[in-house]
Amino acid sequence: MQILNYINGTLQPAKNQQWLANIEPATGQVYSELPDSDASDVNDAITAAENAFDSWAKLPSEKRSAILLRIADLIDRDAEFLAQAESKDQGKPVKLAASVDIPRASANMRFFATAAMHFASESHHSADAINYTTRTPLGVVACISPWNLPLYLFTWKIAPALAIGCTVVAKPSELTPMTAFLFSKLCMEAGLPAGVLNIVHGLGQKVGQAMVEHPAIPAVSFTGGTATGKQIAATAAPMFKKLSLELGGKNPNIVFADCDFDQAVSTSVLSSFSNQGEICLCGSRIFVERKIYDRFVAAFVEKTKSLPVGDPQDEKTKVGAINSAGHFQKILNYIELAKKEGGEIVCGGRAIKILGRCEGGYFIEPTVILGLPNTCRTNQEEIFGPVVSIMPFDTEEEAISLANGTLYGLAATLWTENLKKAHRVAGNLKTGIVWINCWLLRDLRTPFGGTKQSGVGREGGWEALRFFTEPKNICVKL
Ligand code: TXE
């Protein structure tokens, strides 16, 4: 099967007719190919987006909204098919794709399609003047998305851009191109005008880099690794482009002795191993108050051991395949590093062979590590796999200092039934997001993003709509 670029309303191969292999992570087998596009395809996409911009930006927001809502409905219509495709392409359990990824993709489209109709700018009145601010769509913007939550994060970026009147050149990850390709067909069916959304497939260093470097692109919205984010920032900064960078994390999960124990354990298992730990919000460093440390570890390990790892197509599977051979090796290297650093592996720690169809797939047992200091590499670097480290603490101050003791600052979770303590600790955590007694409970209106090396800017709600607009203040003397 061939995946095609979506440029100027048509599906087409790369101009150079080159292809990249697309591998199913659960089997390690090539099952489709995608265009190995280059700068000339990006240029065509940008020209198409420039030509489409004026009429799309001038369309009343209700009309843009109606088209985006149609796309949302088509995602819902094809939800089962898209969930199967996402699972095959990414390696995640089909049940997860069906319950989280695909419903969230249509929710993203619907949320921003309607939000844009309520978007407003500000005015500032004084005795001698009225200032009013207009917010107009930026133009052609670049949206670059990763491989962990493919359609979920792809739509999370393009929906606000399109809803507010920008035209878009988007690049899904070369490791998970399938659902973005299927999405382009839904856009055609929904009547999205040609050139409004263009999807160019291919390698980050070629296609992504060409998008970021292009002078006609005033803004880049990117989700991916911190190293890539740095490269994008270095390219874009001298051109004064607007950037929204959602990067890595090494998120703390703080469990106080006065928590709802069962809830803390079961949600912590989810926040550690959902999507094979390949979510930037997963809590990879678990800090447990010493009073309940042994009990927590025992319960956590018992639950972890019962997680079924296997064929993502199997409805019973909770932990599927790691997304790529390279990432699989990276995670195994980190497990070896953890051992060298003195860590005790109390659960998992190995690659698994799944017999039958998935013999060549990339599977790793959910892994729990004890006995490592917070400062070691295992506890400082993003592993992005089914690997967690559990550490004890004695005081609230110590928990806060350990939690903040990384270069990252995306999300934190904390567990306590003491309301005052919960607010106090949340206020002191240097992260963009804090979950109290829950995890990944999302309201799409809230600011989403991180501090420090977890990125720059916020997505979600008004933040995303503002990002894709240029404010202009107009002052009228009274
Ligand atoms: O992602 P990349 P990688 C973390 C995770 C993972 C690490 C590396 O720790 O192990 O990052 O992942 C495109 N200009 N996260 O290297 O490269 C690329 O094609 C423009 C966290 O596989 O960052 C893809 O579409 N674009 C994370 C996208 O960037 C470029 C999600 C992301 O891929 C480019 C994924 C360039 N020069 C990984 N180079 C999260 N925050 O959720 C690559 N790309």
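**The ligand and its surroundings**

The ligand sits in the largest pocket. A pocket, on a 1 Å grid over the protein atoms alone, is an open set of points with protein on both sides within 12 Å along at least five of seven lines; a molecule sits in one if more than half of its atoms lie within 2 Å of its grid points. This is a predicted model, where local features need pLDDT of at least 70, side-chain atom pairs count only at pLDDT 80 or more, and totals for chains, interfaces and linings use all residues. Residues are numbered from 1 along each chain as its sequence is written, and side-chain values use heavy atoms, with hydrogens and water left out.

Student: How many residues surround the ligand?

Tutor: A residue is near the ligand if one of its heavy atoms lies within 4 Å of it. Among the closest are Trp 147 and Glu 382. The number of residues around the ligand is 27.

Student: Which helix gives the largest share of the shell around the ligand?

Tutor: Helices are DSSP runs (H or I, at least four residues), numbered from the N terminus. Helix 8 (226–236) and helix 11 (325–340) each supply at least two residues. The largest share, 4 residues, comes from helix 7.

Student: Why does the ligand lie between domain 1 and domain 2?

Tutor: Domain bounds come from an automatic or database domain assignment. The ligand lies between the two because both give residues to its shell: domain 1 (5–247 + 454–477) and domain 2 (251–444).

Student: How far is a polar side-chain atom of Lys 330 from an oxygen atom of the ligand?

Tutor: A polar contact is a pair of N or O atoms within 3.5 Å. For Asn 148, the side-chain distance to a ligand oxygen atom is 3.4 Å. For Lys 330, the distance is 2.5 Å.

Methods. Polar contact = N/O pair within 3.5 Å; in protein donor to acceptor, adjacent residues only side chain to side chain. 1 Å grid on protein atoms, 1.4 Å probe; cavity = no way out; pocket = protein on both sides within 12 Å on 5 of 7 lines; lining within 4 Å.
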